[in-house]
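Visitor: I'd like to poke around this one with you. Can we start right away with the side chains?

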Amino acid sequence: MAQSNTEEKSLKVSDIRMLRPFVVLEKKSNMSVVIQQTETFSVENCKISFFTPNNVSLFVSISHRELKEAERIYKSLIHKAFGKKNKMKIKGRNLTRLYNYFEHIQSSIIAIYTAIESLANIAIPHSYKLERKNNKGVTELWDKESIERWYKTSEKISDIVPGVLEIDSPKKLPLWQKFKELEDIRNEIIHQKTAIKSKTDVDSRFLARLLQPTIFSTIKSGFDLISYFCSMDKSHAYFPLGFGVAHVKPEEVDDFGDTFEKIEDD
């Protein structure tokens, strides 16, 4: 889509889960084109094309959907007993509903944490290098790949990414402690251990944390953390849409003809 660049215009996307479009401005005509990245794959001799999704957005969407379902079950099954009963034995059909709750709440936790991890990784440039001294006093050089692989998500999102974007660390925000709880619960889910008393039994104590009413605000801290970064860099090409106003920075070229070429008809 081409348009004059004489004034600021809003862009509409058909689905906020798609990758943010980018704009190319031709300086000689002051005209711009909006471009949406597209993927094309061959599957069983069929060529499939579609607009590229933003993977952070996909995981945010999964988490939000699972959270809503978990809240619905929690309110009707567990929360209604508060203040009315000092003992509650769940069985029969309600046991099935409880297990459904555990599925939804754990899926929401894992998805929002994965969204944050993905956001941290895409915010680090490929050329990024970090020097730091190890516990032996030896200076180490860390590249993007090493940071992605070995740094904890909380370290990347609180120390590395703010430095890249030149913004304040989210450690200073009220949500930070809640996010650390989110990270801790997620790790307990993913890395479930055997029980201390008996190594043949699994340790399911983390399920008690999933039954606390505070679990919902803990999960929502993940959404708030993503919102913080999106508000601090409204024009980042790979940050998800749907978190407030998003900007698109035009890339300037002298002539469209020197930049684009026709590659295939639809």
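Visitor: Is Glu-181 buried, partly exposed or exposed?
Guide: This is a predicted model, where local features need pLDDT of at least 70, side-chain atom pairs count only at pLDDT 80 or more, and totals for chains, interfaces and linings use all residues. Residues are numbered from 1 along each chain as its sequence is written, and side-chain values use heavy atoms, with hydrogens and water left out. Buried means under 20% relative accessible area and exposed over 50%, with partly exposed in between (1.4 Å probe, protein chains only). Glu-181 has 27% relative accessibility, so call it partly exposed.

Visitor: Which side chain does Glu-181 meet in a salt bridge?
Guide: For a salt bridge, a side-chain nitrogen of Lys or Arg has to sit within 4 Å of a carboxyl oxygen of Asp or Glu. The partner lies 3 residues from Glu-181, about one turn of the helix, and both are in helix α5 (residues 176-190); helices here are DSSP runs (H or I, at least four residues), numbered from the N terminus. With 24% relative accessibility, that partner is partly exposed. The N to O distance is 3.9 Å, and the residue is Lys-178.

Visitor: What is the closest N and O distance between Arg-209 and Asp-184?
Guide: Arg-209 belongs to helix α6 (residues 206-210) and Asp-184 to helix α5, so this pair links distant parts of the chain, 25 residues apart. Both ends are partly exposed, Arg-209 at 27% and Asp-184 at 36%. They form a salt bridge, and its closest N and O atoms are apart by 2.7 Å.

Visitor: Which residues join Asp-184 in one salt-bridge network?
Guide: Glu-188 also forms a salt bridge with Arg-209, again with a closest N and O distance of 2.7 Å. Because Glu-188 lies in α5 and Arg-209 in α6, the pair ties together parts 21 residues apart in sequence. Sharing partners puts Asp-184 in one network with Glu-188 and Arg-209.

Visitor: How many salt bridges turn up in the whole structure?
Guide: Side chains of opposite charge can pair when their charged atoms come close. Searching the whole structure for such bridges gives 11.

Visitor: Are α1 and α2 roughly parallel or roughly antiparallel?
Guide: The axes of α1 (residues 55-77) and α2 (residues 93-123) come within 7 Å and cross at roughly 155 degrees. Axes are lines fitted to C-alpha atoms over the stretch in contact, with angles from 0 to 180 degrees between N-to-C directions. Under 35 degrees counts as roughly parallel, over 145 as roughly antiparallel, 65 to 115 as roughly perpendicular and the rest as oblique. That makes the α1 and α2 pair roughly antiparallel.

Methods
Helices (H or I, at least four residues) and strands (E, at least two) are DSSP runs, numbered from the N terminus.
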